[in-house]
Amino acid sequence: MEAIQGQSRAQGMGNSVKKLRRNGWVPGIVYGSDMTNQQIQVQGKELDAALRRQATNKPYKLMVEGNSYDVMVYELQRHPVMGNILHADFKKINMNEKVHTTVPVLMTGDPELGVATLVRHSVEISCLPGNIPESFTVDVDGLNIGDVVLVSDLVIPAGVELGLDATEVLISVLPVKAKSEESIEAQHEAEQVAEAAGSTEQSNRV
């Protein structure tokens, strides 16, 4: 389990939050059913590093001034342009109680024919925090147009329950899209222009 170091933070006005961010801190909050909401701050670089080492849907150990909390990253607010984290919400959990979360669906390989398309990018699961898989990876090698991958085709670890119907489609193999009439017409025009330019160039050389 990845550890995240934090500090208590006094709730202040917007200017103080902006100052925190300028100094490399990310304001945040940790809360749970058995505790009052606690304002915290974590170093942005350290938080980014922890999130790169471990998927955000798995539990983390949050350390705040001698106190240790098992938490899930409930929400991350990012800058719409820069992408840096502006605020982080952590929810305290009990490692012996099931949690509900989502797990991404990933694809590997290439179909024999057609293009594999994700119908669902994630699936809902329920399990103990320590059993949460980082992802479900599906190999689409050898599939053909019209083939589908269903929820029932996933390899589910022991202790993990899915929140989807077994017959729901996750991946579908579709034909390669034919070019639209507009794109074909534009291509023909470009070819004609190029051909005319070539003829003019040859005439000039003569």
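## Briefing: a predicted 206-residue model, from loops to cores

D147 has a relative accessible area of 28%, so it counts as partly exposed (buried is under 20% relative accessible area, exposed is over 50%, and partly exposed is in between, using a 1.4 Å probe and protein chains only). This is a predicted model, where local features need pLDDT of at least 70 and side-chain atom pairs count only at pLDDT 80 or more, while totals for chains, interfaces and linings use all residues. Residues are numbered from 1 along each chain as its sequence is written, and side-chain values use heavy atoms, with hydrogens and water left out.

**Overall build and confidence**

- The protein has three helices and 13 strands (DSSP runs numbered from the N terminus: H or I of at least four residues for helices, E of at least two for strands).
- Of its 206 residues, 33% count as buried.
- Contacts (heavy atoms within 4.5 Å) reach well along the chain: taking those with a separation of 6 or more, 61% join residues 24 or more positions apart.
- Average pLDDT, the predictor's confidence in each residue on a scale from 0 to 100, is 85 for the protein, and 83% of the residues score at least 70.
- Residues 199-206 are the part to treat with care: pLDDT is below 50 there, and the stretch has zero contacts in the model beyond near neighbours in sequence. Where pLDDT is low, the predicted coordinates should not be read in detail.

**Nonpolar cores**

- The largest nonpolar core (buried Ala, Val, Leu, Ile, Met, Phe, Trp, Tyr and Cys residues joined through side-chain atoms within 4.5 Å) has 22 residues, and V123, I125, I132, V138 and I171 have the most contacts inside it.
- Strands β7, β9 (122-127), β10 (136-139) and β13 (169-174) each give two or more residues to this core.
- Apart from it sits another core of 18 residues, including M35, Y60, L62 and V73.
- In soluble globular proteins, nonpolar side chains tend to be buried together.
- I171 has plenty of company: beyond its neighbours within four places in sequence, its contacts are M107, A116, T117, L118, V119, V138, V140, D147, V148 and V149.

**Around D147**

- D147 belongs to the loop between β10 and β11 (148-150).
- Leaving aside neighbours within four places in sequence, its contacts are I171, S172 and V173.
- The C-alpha atoms of D147 and A116 are 9.0 Å apart, with their positions 31 residues apart in sequence.

**Helix α2**

- In α2 (residues 44-53), the buried residues are G44, L47, A49, A50 and L51.
- Their cover includes β1 (3-8), β2 (25-32), β3 (35-43), β4 (60-64), β5 and β6.

**The largest pocket**

- A pocket here is an open set of points on a 1 Å grid over the protein atoms alone, where a 1.4 Å probe fits, with protein on both sides within 12 Å along at least five of seven lines; lining residues have an atom within 4 Å of a point.
- The largest one has a volume of about 500 Å³, volume being the space filled by probe spheres set on the points, which are joined across faces, edges and corners.
- Its lining takes in 21 residues, with M72, K91, K92, I93 and V99 nearest the centre.
- β5 (67-78), β6 (85-92) and β7 (99-108) are the elements that give two or more residues to that lining. The largest share, five residues, is from β7.
- By type, the lining has seven nonpolar, eight polar and six charged residues (nonpolar: Ala, Val, Leu, Ile, Met, Phe, Trp, Tyr, Cys and Pro; charged: Asp, Glu, Lys and Arg; polar: the others, Gly among them).

**Residues on β5 and β7**

- T101 is in β7 and counts as buried because its relative accessibility is 15%.
- Outside its neighbours within four places in sequence, T101 is in contact with N57, M72, V123, E124, I125 and I132.
- E75 is in β5 and is partly exposed, with a relative accessible area of 36%.
- Not counting residues up to four places away in sequence, E75 touches H87, A88 and D89.

**Two more loop residues**

- L128 is in the loop between β9 and β10; at 32% relative accessible area it is partly exposed.
- Its C-alpha is 6.1 Å from that of V99, 29 residues apart along the chain.
- L128 touches M95, N96, E97 and K98, again not counting residues up to four places away in sequence.
- E65, in the loop between β4 and β5, counts as exposed at 55% relative accessibility.
- The phi of E65 is near 50°, a positive value in a residue other than glycine. Most residues other than glycine have a negative phi.
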